[in-house]
Amino acid sequence: MAQTAHPPTSPGKQMLSEQVYTHLRDAIMRGDHRPGDALKPQDIAKEQGVSLAVVREALVRVVGEGLADRLPNRGFAVPSFSDRRWQEVAEARRSIEPVVLRMSIERGDVDWEARVRAAHHRLARTPAFVPEEGEYYSSAWSEAHRVFHRTLLEGCGNLVLLETFDRLWTASELARRFSAHRDPDRDHVGEHRRLEEAALARDADTAAEVLVRHLTQTAAALTGCAPQTTEA
């Protein structure tokens, strides 16, 4: 039986969809939309001057990244601030990232070491908070933070695992930013320094332990619970 061919998406529509997707993603990450807020396609289409089809395509991408939910019969919304939701994301990261970090330490070459050191230097020298961005982590620090954690894992050489990290990171990014409200005095500098030192020393056991503690502290800050681990 012959299959009906679907017309390809026009370049113009693809460009508009990309623009709306970027707008939505940045707005959610900035906190312009609070947890649980509805994302109404009609309002977004009017605001951005595009069609509903373009907006829905962009919203599907945002949902795919974990930055929005598609609710039955209720459209789209920013994920509600649920302790269980973020704990599940944190559990997934604690299960996967230490394993990938061990692979990275085993397989990473000198170039990987140089990238890890450079990424850590950038992170350590980037202010976590700046007046113009209020109480949220600064955009520059958030990006430096992402690059540091991803660079640590890139030595594994497995693109599928790195894509999994990318998705989990994006899904947890909103929660991590909200932790600024609960634990503003957290020693991020010390945590990241210990992580870099263990990785470059090729001490996989210590690096994995430090990473698990680091992720646990983020999850604990979000639920208002003290982590059940002790400093090494």
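Start by selecting Leu 71 and Gly 75: in this predicted model, Gly 75 of strand 3 is the bridge partner of Leu 71. Now show strand 2 and strand 3 (residues 75–77), which run antiparallel and are joined by 3 bridges. Zoom out a little and you have an open sheet of 3 strands, in the order 1-3-2, with antiparallel pairing. Strand 1 (38–39) and strand 2 (69–71) are the edges, each pairing on one side only.

Next, pick helix 2, residues 41–48. Which of its residues are buried? Pro 41, Ile 44 and Ala 45. They span an arc of only 100 degrees around the axis, so they sit on the same side of helix 2. That fits the general picture: an α-helix has 3.6 residues a turn, so residues three or four places apart point the same way. Spin the view to the face turned away from the buried side, and you'll find Lys 46 and Glu 47, both exposed. Just after helix 2 comes Gly 49, with a positive phi near 70 degrees.

Now for the largest nonpolar core, with 27 residues. Select Leu 101, Ile 105, Val 116, Phe 148, Leu 152, Leu 153 and Leu 195, which have the most contacts inside it. Colour by helix: helix 4 (83–107), helix 5 (110–124), helix 6 (139–154), helix 7 (159–178), helix 8 (188–200) and helix 9 (204–223) each supply at least two residues of this core.

Centre on Phe 148. Leaving out residues up to four places away in sequence, Phe 148 touches Val 116, Ala 119, His 120, Leu 123, His 192, Leu 195 and Glu 196.

Last stop: a second, separate core of 22 residues, including Leu 39, Val 50, Val 54 and Val 89.

Notes:
Residues numbered from 1 in each chain as written. Predicted model: local features only at pLDDT ≥ 70, side-chain atom pairs only at ≥ 80, totals over all residues. Heavy atoms only, no water. Core = buried A, V, L, I, M, F, W, Y, C linked by side-chain atoms within 4.5 Å. Buried < 20%, exposed > 50% of the residue type's maximum accessible area, 1.4 Å probe, protein only. Helix = DSSP H or I, 4+ residues; strand = E, 2+ residues; numbered from the N terminus. Contact = heavy atoms within 4.5 Å. Pairing = 2+ DSSP bridges. Arc of directions from axis to C-beta.
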